[in-house]
Every structure is written in structure tokens, then in C-alpha cells.
Amino acid sequence: MSALLETKDVTIRFGGLVAVNLLNLTVNDGEIVAIIGPNGAGKTTAFNLITGVYAPTEGDIIFDGIKINGKRPDQIAKMGIARTFQNIRLFKDLTVLENVLIATHLNVKTDFFSSVLHMPYAMKEEKKMKEFACSFLEETGLIEHKDDIASSLPYGLQRRLEIARALATRPKILLLDEPAAGMNPKESVDLTEFIREIRDKFHLTIILIEHHMQLVMDISDKIQVLEYGRTIARGIPFEIQNNPAVIKAYLGEEEIN
């Protein structure tokens, strides 16, 4: 099986600090892969490298057979990599529908002036995008909130909206940065089911950073553990759960049951 995403000895330095050191990550089509590790391990930096926020000092990032080193975040998004953030980043004063509509503009064909001048083909595409956004909200369980202001939603639904907006760019890979952060137990359970559902429904590959270990163990096909920017373990959940180095570095002295 060929990898959909692969990082080869990816390293980034900020002055004398090595934030990510020789990262080798392989993600196959349809997998859910978790990256875990203590605070400061380099997890979000790895996401920033994959999405073009940073360019690696060394190494290569290969997506769908193409080297993406040096590409801008918008170029990488158009290629099919979308992400969410640890701190929810919605357009809080816009409606749920408007948030998703903004994401659909990544793939529009009409230019700015055609839209401003209300050219017929531009209006036709705008209508199609709105229909797509509404059908998409239906698929993700948010249609009843389409006219609600984003900031008025409960926290769990705001997180779901952020994921839905990322999905509206039609990605091949979705990167989720601590999606369960700040959630109560019920919201975390709902999120776990939602991630499984969107993986299957939209034929997605998912990489997530998460501190909620039960979610990680329940949902991941593979787990990679970072500490101080380097990989200390990789494997299936059972192997990671019982790895002494991981228990010592991140999970504490007790295994998760």
C-alpha cells in the first residue's frame, strides 16, 4: 500500500531549538493516525509543517506522490489537506451556513469581478455552492442550526462546525488539532462517533493530535508518540498503551484500561 502522506526525516530548527527532529510519519489512505506526546513535544509544529505554515529545515513531505515542501498553505489546502486548530477559529459573527460557504470558495471557478458584477454564470455557481453547503450541513448534523450565529452554538457544536467547515474544502486528509479540548465526557463520546462517521462517509484519511487518551485508544488505527521533537514509539493502540517508554514519558506510570 502506497502512503497518501509521508514525511521523510523532516526536521525544523528555530535558532538553536530543534522543534521537530527527523520525523518519519507514514499515513495510508483511509487511516486514522494519532500523534500524541507531552506539551512541547512538537505535535502542532508537525501539523504546521504539513500544512505549509513552516517549511522544514531538512527532509521532505510527500502528499499523494507530490513533494509539497515550500508550498503555501492555500496551495496545500487546494491539493486536499485541511485542518482545524486547538483553539476554535470560527467566524463567530457569521451564521453556521456562512461559515461553511466561505470554505466552499476554495474551489470556485468564477473570478472576483464576475461575482461583484453578478454575472449569470457567477450567480449560478453561487447558487450551487449554497446548495452544496446546505446539503453538507445536512450530512454533518448541523442543518437545523444553519441560520444560527456561530458564537451562539454550544461548545461541542462549535467544534463540529469547525470540522464541517474544513470538510467543505473537500480534503483527502483532515488534520484535527486537539478536537476534544474543553469538551465534557458526553461531547467527547459524540465527537468520537462523529470522527468515525465522517471518515467513512467522506472517504477521509485523518490525523489527529489529542490529549484525551480514551478517544485516542478508541479511534486510532496507528499512534505515533513524540517527545522533545523526536519519535519515541509508533504502533497500534495496544502496543502504545503497553510501551514502557510511552508510559514513562507521557501516560504516567499506570496503563490505561
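## Helix α1 and the loop before it

T45 is found in helix α1, and in this predicted model T45 is buried, with a relative accessible area of 16%. That value falls under the 20% limit below which a residue counts as buried. Leaving aside neighbours within four places in sequence, T45 is in contact with I12, F14, A19, V20 and Y54. T45 can also be related to a residue far along the chain, since its C-alpha lies 8.9 Å from that of G229, although the two are 184 residues apart in sequence.

How many of the 8 residues of helix α1 are buried? The helix covers residues 43-50, and 7 of its 8 residues are buried, so α1 is largely enclosed by the rest of the structure. The buried residues are K43, T45, A46, F47, N48, L49 and I50. Just after the helix, G52 takes a positive phi of about 85 degrees.

On the other side of the helix in sequence, G42 is found in the loop between β3 (32-36) and α1, and at 10% relative accessibility G42 counts as buried. With neighbours within four places in sequence set aside, G42 is in contact with A19, V20 and L226; A19 and V20 are also among the contacts of T45. G42 and G229 are 187 residues apart along the chain, yet their C-alpha atoms are separated by 4.8 Å.

## The protein as a whole

The protein has 257 residues, and buried residues make up 48% of them. The chain contains 10 helices and 10 strands. If one takes the contacts between residues at least 6 apart in sequence, 66% of these join residues at least 24 apart.

## Two nonpolar cores

The largest nonpolar core has 45 residues, and within it L174 and I206 touch the most other members. Apart from this core lies another, of 26 residues, among them L4, V33, A46 and L175. A46 is also one of the buried residues of helix α1.

What does L174 touch, not counting residues up to four places away in sequence? Its contacts are A82, R83, I163, A166, L167, I198, L204, T205, I206 and I207.

## The loop between β6 and α3

Two threonines in the loop between β6 and α3 can be considered in turn. T84 is found in this loop, and it is buried, with a relative accessible area of 1%. Once neighbours within four places in sequence are left aside, T84 is in contact with E162, I163, A166, L175, L176 and D177, and I163 and A166 also appear among the residues that L174 touches. In addition, the side chain of T84 reaches the backbone nitrogen of D177 at 3.5 Å.

T95 is found in the loop between β6 and α3 as well, and at 15% relative accessibility T95 counts as buried. Not counting residues up to four places away in sequence, T95 touches K146, D147, D148, I149 and A150.

## The largest pocket

The largest pocket has a volume of about 490 Å³. Its lining is made of 19 residues, of which A77, R83, F85, R165 and T169 lie nearest the centre of the pocket; R83 is also one of the residues touched by L174.

Which elements each supply at least two residues of this lining? They are α2 (73-79), β6 (81-83), α3 (96-104) and α6 (155-167). By type, the lining residues divide into 11 nonpolar, 3 polar and 5 charged.

## Two exposed residues with positive phi

Most residues other than glycine have a negative phi. Against that background, two loop residues deserve a look. H203 has a positive phi of about 55 degrees although it is not a glycine, and H203 lies in the loop between α7 (185-201) and β8 (205-209). Is H203 buried or exposed? At 66% relative accessibility, H203 counts as exposed, because exposed means over 50% relative accessible area.

Y228 is likewise a residue other than glycine with a positive phi, here near 50 degrees. Y228 lies in the loop between β9 (222-227) and β10 (230-235), and it is exposed, with a relative accessible area of 66%.

Notes
Residues are numbered from 1 along each chain as its sequence is written. This is a predicted model: local features need pLDDT of at least 70, side-chain atom pairs count only at pLDDT 80 or more; totals for chains, interfaces and linings use all residues. Side-chain values use heavy atoms; hydrogens and water are left out. On a 1 Å grid over the protein atoms alone, a cavity is a set of points where a 1.4 Å probe fits but cannot get out, and a pocket is an open set with protein on both sides within 12 Å along at least five of seven lines; lining residues have an atom within 4 Å of a point. Grid points are joined across faces, edges and corners, and a volume is the space filled by probe spheres set on the points. Helices (H or I, at least four residues) and strands (E, at least two) are DSSP runs, numbered from the N terminus. Ala, Val, Leu, Ile, Met, Phe, Trp, Tyr, Cys and Pro count as nonpolar, Asp, Glu, Lys and Arg as charged, and the others, Gly among them, as polar. A nonpolar core is a set of buried Ala, Val, Leu, Ile, Met, Phe, Trp, Tyr and Cys residues joined through side-chain atoms within 4.5 Å. Buried means under 20% relative accessible area, exposed over 50%, partly exposed in between (1.4 Å probe, protein chains only). Contact means heavy atoms within 4.5 Å. A polar contact is a pair of N or O atoms within 3.5 Å; within protein, one must be able to donate a hydrogen and the other to accept it, and residues adjacent in sequence count only if both atoms are side-chain atoms.
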